[in-house]
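Biologist: Before I accept the labels on this model, I would like to see each one set against its definition. Could you take me through them one at a time?

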Amino acid sequence: MSRFADLRYRGATAFQRRVNPLLRRLPFQTVLETRGRVFGLPRPTPVGGRRVGDCFWLVSEFGERAQYVRNIKADPRVRVRIRGRWHEGTAHLLPDDDAVARLRRLPRFNGLAVRALGTDLLTVRVDLAG
């Protein structure tokens with residue numbers, strides 16, 4: 001990773017550490033909940049994405065470096081809070097998907113933030129159960 005990309009990553013994660021605890025408390029903020037890969041505790045992360053049928057799509061701005069992506073690799077069972085309701089599902093990392101094209105189909109504000117902060121985009125699909 002280049003020096004500039006590393007600085008962007010550090011700045012974005014420092015910002016997210018302060019803002020995410022506030023965002024995930026908002027009742028209609030979309031939240032992805034993974035299980036921590038070390039202790040197995042729930043790890044809620046505010047995300048932007050869109051539900052399409054029985055799937056929820058999102059793009060990770062830091063690819064496999066994102067903590068929630070590392071948790072998904074360890075245990076793909078997740079929960080997603082969409083419009084205040086929790087849905088269980090199985091997450092799939094899709095490195096071959098065109099993440100930039102996928103961002104065009106996701107909410108505009110999220111796409112702008114991911115493009116502005118992102119260094120290594122990765123598409124994530126969550127197959128929702130029921």
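Biologist: What makes the contact of Arg79 with Glu33 a salt bridge?

Modeller: The term asks for a side-chain nitrogen of Lys or Arg within 4 Å of a carboxyl oxygen of Asp or Glu. In this predicted model, the closest N and O atoms of Arg79 and Glu33 are 2.9 Å apart, and because the cut-off is 4 Å, the pair is called a salt bridge. The pair links distant parts of the chain, with Arg79 in strand β5 (residues 77-82) and Glu33 in strand β1 (residues 31-35), 46 residues apart. Strands here are DSSP runs of E with at least two residues, and helices are runs of H or I with at least four, both numbered from the N terminus.

Biologist: On what basis do such values rest, and how are the residues numbered?

Modeller: Residues are numbered from 1 along each chain as its sequence is written, and side-chain values use heavy atoms, with hydrogens and water left out. Since this is a predicted model, local features need pLDDT of at least 70 and side-chain atom pairs count only at pLDDT 80 or more, while totals for chains, interfaces and linings use all residues.

Biologist: Why is Glu33 called buried or exposed, and how does Arg79 stand?

Modeller: Buried means under 20% relative accessible area, exposed means over 50%, and partly exposed lies in between, with a 1.4 Å probe and protein chains only. Glu33 has 13% relative accessibility and therefore counts as buried, whereas Arg79, with a relative accessible area of 29%, is partly exposed.

Biologist: Which other pairs meet the salt-bridge definition, and how many does the whole structure hold?

Modeller: A search of the whole structure finds six salt bridges. Among them, Arg77 pairs with Asp75, their closest N and O atoms being 3.0 Å apart, and the side chains of Asp127 and Arg125 meet at 2.8 Å, N to O. Arg77, at 59% relative accessibility, is exposed, but Asp75 is buried at 17%. Asp127, at 25%, counts as partly exposed, and so does Arg125, at 21%.

Biologist: How do you know whether Thr30, in the loop between α1 and β1, is buried or exposed?

Modeller: Thr30 is found in the loop between α1 (3-23) and β1, and because its relative accessibility is 16%, Thr30 counts as buried. Contact means heavy atoms within 4.5 Å, and, leaving aside neighbours within four places in sequence, Thr30 is in contact with Thr45, Pro46, Val47, Phe56, Val80 and Arg81.

Biologist: What makes β2 and β3 the edge strands of the sheet?

Modeller: Two strands pair if DSSP finds at least two bridges between them. Seven strands form an open sheet in the order β2-β1-β5-β6-β7-β4-β3, with antiparallel pairing. The strands β2 (42-46) and β3 (49-52) each pair on one side only, and are the edge strands. From one strand to the next, the twist averages 30°.

Biologist: How do you know that β4 and β7 count as paired?

Modeller: Six bridges join strand β4 (residues 55-60) to strand β7 (residues 122-128), which run antiparallel, and because the definition asks for at least two bridges, these strands count as a pair. Within this pairing, Ser60 has Leu122 as its bridge partner in β7, and Phe56 has Val126. On β4 there is also a pairing with β3, through four bridges in the antiparallel sense, in which Arg50 has Trp57 as its bridge partner. In the hairpin of β3 and β4, with two residues between the strands, Gly53 takes a positive phi near 65°. The strands β6 and β7 likewise pair in the antiparallel sense, over six bridges, and Gly89 stands opposite Leu128 in β7.

Biologist: What makes β7 a mostly covered strand?

Modeller: Five of the seven residues of β7 are buried, and the strand is described as mostly covered. Helix α2 (residues 67-74) lies across β1, β2, β4, β5, β6 (85-94) and β7, running at about 50° to β1; the axes are lines fitted to C-alpha atoms, for helices over the stretch in contact, and angles run from 0 to 180 degrees between N-to-C directions.

Biologist: How much of the protein chain counts as buried?

Modeller: Of the 130 residues of the protein chain, 41% count as buried.
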